[in-house]
Amino acid sequence: MTGRHGGARMQAGDTPDLASLIGPARELAHGAGELALRFFREGSVEVDYKSDRSPVTAADRAAHEHIVTGLARLKPSMPVLSEESGDDLRGGRRLDWPWHWLVDPLDGTKEFVRGGQEFTVNIALIQADRPVLGVVYAPAKGEMYFAHQGGGAYFGRQGSDAAEKTGVRRPPASPLRVLCSRSHTASAVELYDRYVGAMGETQQRAMSSSLKFCLIARGEADVYPRMRPTSEWDTAAGQAVLECAGGAVIDLEGQPLRYRKPDILNPLFIACGDPEHDWLQYLPRQHHTIVSG
């Protein structure tokens with residue numbers, strides 16, 4: 001299924017009220033997460049594989065349908081691009097969208113299939129090439145992270161009406177707390193254990209999905225270097241939460257990670273808590289040349 005959008009498209013000068021959208025986006029993320037949780041608790045998940053060999057399950061598709069349908073009703077004029085949308089929405093016409101929703105209905109599918117609890121539902125709103133609103137919901141953990149530009153970043157737990165405002169740890173201190181993907185631990189260990197001598201001791205923690213951005217946003221970690229490919233929907237919601245908490249996501253040239261690009265794949269990047277710290281100093285020379293050469 002592709003995203004559904006009725007009515008006229010939003011124009012570049014039209015500005016939605018972000019504060020009024022964060023609540024409905026949270027509700028959609030929660031609903032999609034609860035759908036995924038039903039499949040998760042059944043314990044028998046059938047896995048298919050897409051053309052790029054990434055896994056997809058019935059839970060991915062159910063969460064996608066719930067979110068895309070809900071966003072189309074919420075804001076009919078605003079396009080929706082989901083990881084499970086058809087290829088026609090990933091092409092050149094999205095480059096003309098002044099605003100669009102960017103969705104990963106089930107981030108961390110491999111973790112989900114293995115029975116781990118770190119999978120998430122991600123909903124982001126993109127203005128031009130920047131994420132300005134993000135919701136990350138981890139249904140198995142009962143954790144919700146949400147943020148919008150100008151409104152700060154927040155964390156809440158399932159069953160509680162209270163939400164706490166989050167903020168990054170600034171400046172970083174020893175031991176430097178480094179996050180890495182469960183699937184690609186070597187990149188983080190190589191970059192921030194071997195090259196981080198100036199900071200002293202490091203502590204590494206492996207984690208799946210966009211929760212890595214959220215832990216930095218809560219001040220529980222300092223940096224997440226990603227030296228393997230990701231797509232825009234993998235990072236947008238987490239980036240919005242982290243930036244609203246005072247952090248940053250930069251490419252290996254020190255520029256903010258951008259969206260609505262001709263290529264849906266992201267460049268290599270570093271998510272960090274303190275944007276004033278020189279995180280690029282720890283990169284071995286060959287990683288700089290990947291970007292510049």
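What share of the contacts in the protein with a separation of 6 or more comes from residues 24 or more positions apart? The share is 67%. Keep that figure in mind as we walk through this predicted model, starting with the whole chain and then moving from the sheet to its helices.

## Overall picture

The protein has 293 residues, and 54% of them count as buried. Its secondary structure comes to seven helices and 14 strands. No disulfides turn up in a search of the whole structure. Two cysteines are worth a look all the same. C180 has a relative accessibility of 3%, so C180 counts as buried, and C214, at 0%, is buried as well.

## The seven-stranded sheet

Seven strands form an open sheet in the order 3-4-5-6-7-8-9, and their pairing is mixed. Strand 3 (80-82) and strand 9 (163-165) stand at the edges; each has a single partner strand, so one side of each lacks a neighbour in the sheet. From one strand to the next, the twist averages 20 degrees.

Inside this sheet, strand 6 makes a good place to pause. Is strand 6 mostly covered or mostly open? Eight of its nine residues are buried, so strand 6 is mostly covered. Strand 5 runs antiparallel to strand 6, and seven bridges join the two. One of the bridge pairs matches L125 with L133 in strand 6. These two strands form a hairpin with two residues between them, and A128 in the turn has a positive phi of about 55 degrees.

On to the next pairing: strand 6 (residues 130-138) and strand 7 (residues 143-148) are also antiparallel, with six bridges. Here V135 has F146 in strand 7 as its bridge partner, while V136 is matched with Y145 in strand 7. Strand 6 and strand 7 form a hairpin too, with four residues between them; G142 in the turn has a positive phi of about 70 degrees.

## Helices across the sheet

Which strands does helix 1 (residues 18-42) lie across? Helix 1 lies across strand 4 (99-107), strand 5 (120-127), strand 6 and strand 7, and runs at about 35 degrees to strand 6. Helix 2 lies across strand 3, strand 4 and strand 5, at about 155 degrees to strand 4.

Helix 2 (residues 58-74) allows a simple check on its geometry. At 1.5 Å a residue, its 17 residues should span 24 Å, and the end C-alpha atoms are 24 Å apart, which agrees. At the N-terminal end, T57 acts as the cap: a side-chain oxygen of T57 lies 3.2 Å from the backbone nitrogen of A59.

The buried residues of helix 2 are A59, D60, A63, H64, I67, V68, T69, G70, L71 and A72. Because an α-helix has 3.6 residues a turn, residues three or four places apart point the same way. V68, found in helix 2, has a relative accessibility of 0% and so counts as buried. The C-alpha atoms of V68 and V80 are separated by 6.7 Å, although the two residues are 12 residues apart along the chain.

Helix 3 (residues 109-114) contains E111. With a relative accessible area of 6%, E111 is buried. Beyond its neighbours within four places in sequence, E111 is in contact with G116, Q117, E118, F119, R182 and S208.

## Strand 14 and its partners

Further along the chain, strand 14 (residues 269-272) pairs with two strands, strand 12 and strand 13. In a regular strand the side chains alternate between the two faces of the sheet. In strand 14, F269 and A271 point one way and I270 and C272 the other way, and all are buried.

The table gathers these two pairings, with a matched pair of residues for each.

| Partner of strand 14 | Sense | Bridges | A matched pair |
|---|---|---|---|
| Strand 12 (residues 223-226) | antiparallel | four bridges | P225 and I270 |
| Strand 13 (residues 248-251) | antiparallel | four bridges | A248 and C272 |

So where does C272 sit in this arrangement? C272 is buried in strand 14 and points the way I270 does, and C272 is the bridge partner of A248.

Key:
Residues numbered from 1 in each chain as written. Predicted model: local features only at pLDDT ≥ 70, side-chain atom pairs only at ≥ 80, totals over all residues. Heavy atoms only, no water. Expected span 1.5 Å × (residues − 1). Buried < 20%, exposed > 50% of the residue type's maximum accessible area, 1.4 Å probe, protein only. Polar contact = N/O pair within 3.5 Å; in protein donor to acceptor, adjacent residues only side chain to side chain. Disulfide = S-S within 2.5 Å. Pairing = 2+ DSSP bridges. Axes fitted to C-alpha atoms, helices over the stretch in contact; angles between N-to-C directions. Contact = heavy atoms within 4.5 Å.
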